[in-house]
Amino acid sequence: MHLTFLGGSDGVTGSKALLEAGGARLFVDCGLFQGVKRLRLRNWDALPLAAAQIDAVVLTHAHLDHSGFLPRLMQLGFAGRVHATEATRDLCALLLPDAGHLQQEEADYANRHGFSRHAPALPLYDEAQARRSLASFAVQRFDVGFEPVPGLHARFGSAGHLLGAASVRIEHQGRSILFSGDLGRADDLLMPPPAPPPAADVVVVESTYGDRLHGDADPLEAVAQIVNRTAARGGTVVVPAFAVGRAQMLLYCLHRLKLARRIPDLPVYLNSPLAAGASALYRQTSAGACRLSPADRTAMFEGVTVVGSVEESKRLNELRWPSVIISASGMASGGRVVHHLKAYAPQARNTLLFCGFQAPGTRGAALVGGAGRVKIHGQYVPVRAEVVHLDMLSAHADRDGLLGWLGALPRPPRRVYVNHGEPVASDALRLAIEERFGWPAEVPEHGRRIAVD
């Protein structure tokens, strides 16, 4: 087997690995690059092989940095199957068309207002192309072996993180490789902890939070303090939230806090059709796939106003009473939330709350970094609102969580490759692996091809 790192190898987006074995070619994940322009431009770059030569794709989970390149891959000629868990397939049925719709919408907006450097501005793919890609999905169950291509034996194990998220072990002729996918937390409010990993010769592990700890702070208390001080100023809390996972976690936090009367019974608006659709999947999920009881999963949406139309969304920009607006996207890179940022960022009484990793080059990273103004729709918007970033609300395992998962391996691997992290985080985890376990570990460069032996 040979493995080539085509994404996620120098950042937290674009996860894409080419696995070659016995003449077959398999992609593990197929994500979009996001963040700084040099990364986003990689979405338009030619692949190192023709898409038609790729036999299959295995997805660890549905987030766009792992799945969002699929429609483009199919445009380029891929005709194989996409293997995923049932929940990953269902979430991709929401995420991919939404991504295509937003790309088309943003290209149209740029063309109407003339702020794109390209004439005309084009989407990487549109909603219709994304919907067509869904026909290629093949559902696989956790802990049941399958062959994505003949001779390659794969098995999904639960990774926590979000519904359907998996680690995947792939074996060929006695050699094995384990991809962690994005690993969840042992103390996540919504999701159960990752399952113990199986033995493998080579392990590829994510490192999003490989250089830090989430700490012991109570997430409910942190959210309560933010809501209460914003409400006391007469302001609105705007939350750019990842539509799948973090939006539902925030709704649960607000429900718990209102029930305990730790925050006022202020209006909560969920302004993301995608988050609303994902929330329905969380309500319907089977026992064991989520920590919450069916009653809790229903109660957390009571009193929440789901905003549907564009006109309703625009009216949220004129609120004159303390409220919470939860809207996608989590890094403020697009969607309805950027219109709310334009409306609420200039006013000191408001709060912008970020609750997940912010990739360099995104608006979210700029705001969390203290930017005094951000560019939205070709114009600079002043930032006078309070900006808060709560790492403890992340769905990713921190350094100790990642080391704990690796430490549960039944036997030492021959080598560990650390990817899906910013360079400092990846190298910090590499060093921690070598110091704690004495295992050979390295951070592969983008485009690196290695032998799995």
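Modeller: A helix in this account is a DSSP run of H or I at least four residues in length, and helices are numbered from the N terminus. The model discussed here is predicted.

Biologist: Which helix gives the largest share of the lining of the second largest pocket?

Modeller: That helix is α4, which supplies four residues of the lining. The pocket holds about 410 Å³ of space. It is lined by 22 residues, and E86, A87, T285, S286 and A289 are the closest to its centre. The elements that give two or more residues to this lining are α4 (86-113) and α8 (273-284).

Biologist: What makes a lining residue of the second largest pocket nonpolar, polar or charged, and how many fall in each class?

Modeller: Asp, Glu, Lys and Arg count as charged, a fixed list of ten residue types that includes Ala and Val counts as nonpolar, and the others count as polar. By that rule the lining has eleven nonpolar, eight polar and three charged residues.

Biologist: Why is E86 called partly exposed?

Modeller: The relative accessible area of E86 is 48%. Partly exposed covers the range between under 20%, which is buried, and over 50%, which is exposed, so E86 at 48% belongs to the partly exposed class. E86 lies in helix α4, and its C-alpha atom is 32 Å from that of A107, which is 21 residues away along the chain.

Biologist: How do you know that the side chains of R25 and E20 meet in a salt bridge?

Modeller: A salt bridge requires a side-chain nitrogen of Lys or Arg within 4 Å of a carboxyl oxygen of Asp or Glu. The N to O distance for R25 and E20 is 4.0 Å, and the pair therefore meets the cut-off of within 4 Å. R25 is partly exposed because its relative accessibility is 28%, whereas E20 is buried because its value is 18%.

Biologist: What makes the pair D90 and R89 a salt bridge?

Modeller: The closest N and O atoms of D90 and R89 are 2.7 Å apart, and the limit is 4 Å, so the pair qualifies. D90 has a relative accessibility of 25% and is therefore partly exposed. R89, at 28%, is partly exposed as well.

Biologist: Where do E434 and R430 lie, and how do you know that they form a salt bridge?

Modeller: Both residues lie in helix α14 (residues 423-437), four residues apart, about one turn of the helix. Their side chains meet with an N to O distance of 2.9 Å, which is within 4 Å, and the pair therefore counts as a salt bridge. E434 is partly exposed because its relative accessibility is 29%, while R430 is buried because its value is 18%, under the 20% limit. Elsewhere, salt bridges that share partners join E20, R25 and R449 into one network. The structure holds 21 salt bridges.

Biologist: How many cavities of 30 Å³ or more are there, and what makes a space a cavity rather than a pocket?

Modeller: There are three cavities of 30 Å³ or more. A cavity is a space where a 1.4 Å probe fits but cannot get out, whereas a pocket is open. The largest cavity has about 140 Å³ of space. Among its 17 lining residues, S15, D29, F179, V204 and N419 are the closest to its centre. The lining divides into five nonpolar, eight polar and four charged residues.

Biologist: What makes the backbone of D29 notable, and why is D29 called buried?

Modeller: D29 is not a glycine, yet its phi is positive, about 70 degrees. Most residues other than glycine have a negative phi. D29 lies in the loop between β3 (24-28) and α1. The relative accessibility of D29 is 5%, which is under 20%, so this residue is buried.

Biologist: Why is H377 called buried?

Modeller: The relative accessible area of H377 is 18%, which is under 20%, so H377 is buried. H377 lies in the loop between β16 (373-376) and β17 (379-382). Its phi is also positive, about 55 degrees, although H377 is not a glycine.

Biologist: Why is W44 called partly exposed?

Modeller: The relative accessible area of W44 is 42%, between the limits of 20% and 50%, so W44 is partly exposed. With L41 and L122, W44 forms a nonpolar surface patch of about 320 Å² of accessible area together.

Definitions and conventions. Residues numbered from 1 in each chain as written. Predicted model: local features only at pLDDT ≥ 70, side-chain atom pairs only at ≥ 80, totals over all residues. Heavy atoms only, no water. Patch = residues over 30% accessible without salt bridge, like charges linked within 9 Å, V, L, I, M, F, W, Y side chains within 5 Å. Areas by Shrake-Rupley, 256 points an atom, 1.4 Å probe, with all protein chains shown as cover. Buried < 20%, exposed > 50% of the residue type's maximum accessible area, 1.4 Å probe, protein only. 1 Å grid on protein atoms, 1.4 Å probe; cavity = no way out; pocket = protein on both sides within 12 Å on 5 of 7 lines; lining within 4 Å. Points joined across faces, edges and corners; volume = space filled by probe spheres on them.
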